Amino acid sequence: MNAAKSVTATYTLNPTNKHDFNCDGKPDILFQNESTGQLQAWFMDGTTQIGSGYLSPDNPGDINWKVTGVDDLNSDGKPDILWQHHSTGQLAVWYMDGVTRSNSTYLNPDCSEDTDWMIVGCGCLESGPISLTLTPPTNTSVSKGSKLGPFSISIKNNTNSSYPFYVYIYLVNPDGTWTTLISKSLTLSGGKTLTVNNLYTNIPSTISSGSYYYWVGAYDTSYNLLDYDYFAFSVSSSTSKSGENNDWGISEW
């Protein structure tokens with residue numbers, strides 16, 4: 001992928017693996033290039049990329065068509081793509097066979113009466129065992145050598161019994177590579193919520209300027225993704241007066 005282009009990502013999982021584009025039983029990531037509209041899938045083994053491929057076709061033909069969801073919309077056990085046109089509000093679906101489109105259609109009706117209504121999700125509305133919410137800092141534009149924050153992480157156990165899981169925090173770099181910042185093993189009692197406020201992370205003085213993503217995911221003990229959240233932030237070319245941070249250290253939580 002072109003590191004100069006901005007991308008959005010869908011990375012979700014449900015028990016029937018409806019987000020598995022290469023049919024290996026594991027959830028994958030779908031990217032859409034915001035400048036060209038191109039689509040590319042990352043084939044994943046947990047948190048490790050094992051391959052990639054452009055979709056066929058790899059472009060909706062109009063950059064106003066944006067991916068708004070991925071789920072099995074025709075009940076064939078394969079992930080499909082839900083689209084919304086950001087100018088007209090029209091809704092369409094690509095029925096997929098892996099990374100190849102097998103058919104497509106408009107929804108009925110094909111748009112809401114008010115084009116200000118935009119889709120924010122699709123598929124199963126039932127909560128998984130763990131819900132995770134990441135609240136970004138007010139200021140998401142920072143200098144090298146400074147700190148990013150404060151932000152908060154809230155994790156809820158939606159079951160009635162204790163649930164063990166892992167939390168991983170990643171940095172998505174401007175070139176598309178992922179850096180692991182922290183991993184934790186946690187257990188929450190049934191129905192309990194863990195909220196950690198006033199978190200900060202160092203911004204190393206040696207990194208490149210550009211756009212980054214701060215990504216937090218919760219995994220079960222078999223490393224299946226349960227839930228995730230992220231926010232974007234930018235690092236300017238200037239350096240903070242303190243300018244002494246040399247790693248992505250995160251305040252303890």
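**Exercise 1.** In this predicted model, find which residue of E3 stands opposite Leu30, then work out how E2 and E3 are joined.

*Solution.*
- Step 1. Start at Leu30. Its partner across the pair is Ala41 in E3.
- Step 2. Count the bridges. Strand E2 (residues 29-33) and E3 share four, and the two run antiparallel.
- Step 3. Trace the connection. E2 and E3 form a hairpin with five residues between them. In the turn, Gly37 has a positive phi of about 85°.

**Exercise 2.** Describe the pairing of E3 with strand E4 (residues 48-54).

*Solution.*
- Step 1. Six bridges join E3 to E4, again in antiparallel fashion.
- Step 2. Phe43 faces Gly51 of E4.
- Step 3. Two residues separate the strands of this hairpin. Gly46 in the turn has a positive phi of about 70°.

**Exercise 3.** Why is E3 largely enclosed by the rest of the structure?

*Solution.* Check burial, with the cut-off at under 20% relative accessible area. Strand E3 spans residues 39-45, and six of its seven residues are buried, so the strand is largely enclosed.

**Exercise 4.** Locate the largest nonpolar core and its best-connected members.

*Solution.*
- Step 1. The core holds 28 residues. Ile155, Phe165, Tyr214, Val216 and Phe233 touch the most other members.
- Step 2. Ask which elements give two or more residues. They include strand E9 (130-135), strand E12 (163-172) and strand E16 (225-239).
- Step 3. E12 gives the most, with five residues.
- Step 4. Apart from this core lies another, of 15 residues, including Phe21, Leu39, Val67 and Trp94.

Terms used: Residues are numbered from 1 along each chain as its sequence is written. This is a predicted model: local features need pLDDT of at least 70, side-chain atom pairs count only at pLDDT 80 or more; totals for chains, interfaces and linings use all residues. Side-chain values use heavy atoms; hydrogens and water are left out. A nonpolar core is a set of buried Ala, Val, Leu, Ile, Met, Phe, Trp, Tyr and Cys residues joined through side-chain atoms within 4.5 Å. Buried means under 20% relative accessible area, exposed over 50%, partly exposed in between (1.4 Å probe, protein chains only). Two strands pair if DSSP finds at least two bridges between them.
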